[in-house]
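Q: Could you take a close look at one part of this model with me? I'd like to start from a spot on the surface and then work inwards.

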Amino acid sequence: PSRYPVALLEAAEAMRLIRANADQWHVNPAQVAVLGFSAGGHLAANLATSVGDEDIREQGGIDPDAVRPNALMLSYPVITAGKYAHRGSFQCLLGDQAHNQALLDKFSIEKHIDAKTPPVFVWHTMTDDAVPVENTLMLIQACRAAGVSIEAHLFPAHIVECVQCWPDLAEAWLRRLF
């Protein structure tokens, strides 16, 4: 498997490509949202926050501000590498460096929410036994502390009837945002 920063650099290149071809593809380059689920949520949040800026700039040769999305949409995201971490995600991301505390601190998204972070939409289930809901609670708290707009939905269980409304909620949020 590829390790950090391969996926981040690929995501940054995808954003660069979208914005470079915005006219031809009929895309508003100021209205690009990124969506990520679980570990993909960590990747999306990494792109949208300052956590990977140095690597995007130095290893990808891209200005991180030019590829930061205008909105961040997350579904039961992996956020923290701390107490409530989904350890398997960090094992895949970091390989034999998965126990390096400095790297784990670097990849705890909640520590990198700042004024550059775009508005956030997030949903999670209270009973998620893979990615603890505390990941989303930490994200909410970090966004509030940094003044980042966030809409969050916490569902009682991961039952279709409980969560099937999330796409409608996300679409309504995007329409209000853009």
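Which residues make the nonpolar surface patch of about 240 Å²?

A: Keep in mind that this is a predicted model. The patch is made by Met 126, Leu 137 and Leu 154, and covers about 240 Å². Take Met 126: it sits in the loop that runs from strand S3 (120-125) to helix H8 (134-146). Its relative accessibility is 44%, so Met 126 counts as partly exposed.

From that loop, step back into the strands. S3 pairs with S2 in the parallel sense, over four bridges, and Leu 72 stands opposite Val 120 of S3 there. S2 is also joined to strand S1 (residues 33-37), again parallel, by five bridges. In that pairing Ala 33 has Ala 71 of S2 as its bridge partner.

How enclosed is S2? Five of the five residues in this strand (residues 71-75) are buried, so S2 is largely enclosed by the rest of the structure. Both of its faces are covered: Ala 71, Met 73 and Ser 75 are buried on one side, and Leu 72 and Leu 74 are buried on the other. Past the strand, in the loop between S2 and H6, comes Tyr 76. Most residues other than glycine have a negative phi. Tyr 76, though not a glycine, has a positive phi of about 35°. With 21% relative accessibility, against a cut-off of under 20% for buried, Tyr 76 counts as partly exposed.

Helix H3 (residues 39-48) is another enclosed piece: seven of its ten residues are buried, so the helix is largely enclosed by the rest of the structure. Those buried residues are Gly 41, His 42, Ala 44, Ala 45, Asn 46, Leu 47 and Ala 48. Their cover includes H1, S1, helix H4 (53-60), helix H5 (64-67), S2 and H6.

Now for the cores. In soluble globular proteins, nonpolar side chains tend to be buried together. Here the largest nonpolar core has 19 residues, and Ala 12, Leu 47, Ile 56, Val 67, Phe 90 and Leu 94 touch the most other members. Helix H1 (6-20) and helix H6 (87-94) are the elements that give two or more residues to this core, and H1 gives the most, with four. Apart from it lies another core, of 16 residues, including Ala 44, Leu 72, Ile 109 and Val 148. So Leu 72, in the buried strand S2, and Ala 44, one of the buried residues of H3, both turn up in that second core.

Back to Leu 94: leaving out residues up to four places away in sequence, Leu 94 touches Arg 3, Tyr 4, Leu 103, Leu 104 and Phe 107. Tyr 4 is also touched by Asp 55, whose contacts, under that sequence limit, are Tyr 4, Pro 5, Leu 9, Gly 60 and Lys 106. Asp 55 lies in helix H4 and has 9% relative accessibility, so it counts as buried. Two of its contacts share a cis peptide bond: Tyr 4 and Pro 5 are joined with omega at about 10°. Most peptide bonds are trans. Pro 5 is in the segment before H1.

One last backbone detail: His 26 is not a glycine, yet has a positive phi of about 60°. His 26 is in the loop between helix H2 (22-25) and S1, and its relative accessibility of 75% is why it counts as exposed.

Definitions and conventions: Residues numbered from 1 in each chain as written. Predicted model: local features only at pLDDT ≥ 70, side-chain atom pairs only at ≥ 80, totals over all residues. Heavy atoms only, no water. Patch = residues over 30% accessible without salt bridge, like charges linked within 9 Å, V, L, I, M, F, W, Y side chains within 5 Å. Areas by Shrake-Rupley, 256 points an atom, 1.4 Å probe, with all protein chains shown as cover. Salt bridge = Lys/Arg side-chain N within 4 Å of Asp/Glu carboxyl O. Buried < 20%, exposed > 50% of the residue type's maximum accessible area, 1.4 Å probe, protein only. Core = buried A, V, L, I, M, F, W, Y, C linked by side-chain atoms within 4.5 Å. Contact = heavy atoms within 4.5 Å. Pairing = 2+ DSSP bridges.
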